Amino acid sequence: MSDSTGHTPEDPNQGQRPPQPPYQPAAPAPAPAAPLSEVDDRQWASFAHLGGVLGFLPSLIIWLVFKDRGRLTAVEGKEALNFQITLLIGYVAINILATFLAMVTFGIGGVLAGLAWVLWVVGVIFSIMGFMKAKDGQHYQYPFALRLIK
């Protein structure tokens, strides 16, 4: 017959906890990533600019992953990310303004939403210009960008 704990009177470990697995030490911390070669540094710096064609996420990911591994990538990734954040703020502002004016003017103000396409084309052009400079190892500074990331 067993009691409420599931042990029988003949159980030699009655009232004891089952054996625990042995202590496992924590895994060692990962080694820091190797610095980028000059060719790789140029490549990732240029991709940070070119990624702007797709939005701010490629620039953000490249900057976060490679900023400590390459000097050019750190500078150019930050520059590209600041520009993409500036464009994102512009898209949001244009859409809010266009929506408000469309409601007030019964749809006529919605024409302002076309400015978002103009902003996208400007972003693509400047991103390609930044890509061309960075692939040659030169710094590129966008003509307008909020410097939110220092």
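Author: Helices (DSSP runs of H or I, at least four residues) and strands (DSSP runs of E, at least two) are numbered from the N terminus. This is a predicted model, where local features need pLDDT of at least 70 and side-chain atom pairs count only at 80 or more, while totals for chains, interfaces and linings use all residues. Residues are numbered from 1 along each chain as its sequence is written, and side-chain values use heavy atoms, with hydrogens and water left out.

Reader: Thanks! Which pattern does the protein follow along the sequence?

Author: Reading along, you meet α-α-α-α. That fits the tally of 4 helices and 0 strands.

Reader: What makes the protein more spread out or less spread out than a compact globule?

Author: We set two values side by side. The radius of gyration (taken over C-alpha atoms) is compared with the globule rule, 2.2 Å times the number of residues to the power 0.38. For 150 residues that rule gives 15 Å, but the protein has 28 Å, well over it, so we conclude that the protein is more spread out than a compact globule. Its C-alpha trace spans about 85 × 55 × 20 Å along the principal axes.

Reader: Let's pick a residue. Where is Gln84 found, and why is Gln84 called buried?

Author: Gln84 sits in helix α3, which covers residues 71-104. Buried means under 20% relative accessible area, exposed over 50%, and partly exposed in between (1.4 Å probe, protein chains only). Gln84 has 4%, so it is buried. Looking past its neighbours within four places in sequence, you can find Gln84 in contact (heavy atoms within 4.5 Å) with Gly52, Gly55, Phe56, Ser59 and Ser127.

Reader: How do you know that Gly77 counts as buried?

Author: Gly77 also belongs to helix α3. Its relative accessibility is 0%, so Gly77 counts as buried. With its neighbours within four places in sequence set aside, Gly77 is in contact with Ala48, Ser59, Trp63 and Leu72. As for Ile61, it is 16 residues from Gly77 in sequence and 9.1 Å away in space, C-alpha to C-alpha.

Reader: What makes Ile96 exposed?

Author: Here is another residue in helix α3. Ile96 counts as exposed because its relative accessibility is 55%. From Ile96 to Ala113 there are 17 residues in sequence and 9.2 Å in space, going from C-alpha to C-alpha.

Reader: Now for helix α1. Why is Val39 called exposed, and why is Asp40 called partly exposed?

Author: Helix α1 runs over residues 38-50 and holds Val39, and Asp40 has its place there too. Val39 reaches 62% relative accessibility, so it counts as exposed. Asp40 is at 32%, so it counts as partly exposed. Their distances are worth a look as well. Val39 and Pro18 are 21 residues apart along the chain, and their C-alpha atoms are separated by 58 Å. Asp40 and Lys135 are 95 residues apart along the chain, with 9.9 Å between their C-alpha atoms.

Reader: How many of the contacts between residues at least 6 apart join residues at least 24 apart?

Author: In this protein, 64% of those contacts do. As for burial in general, buried residues make up 28% of the 150 residues.

Reader: And what pLDDT does the protein average?

Author: The average is 85, and 90% of the residues score at least 70, where pLDDT is the predictor's confidence in each residue, from 0 to 100. Among the elements, α3 has the lowest mean, 91, and helix α4 (residues 114-135) the highest, 93.
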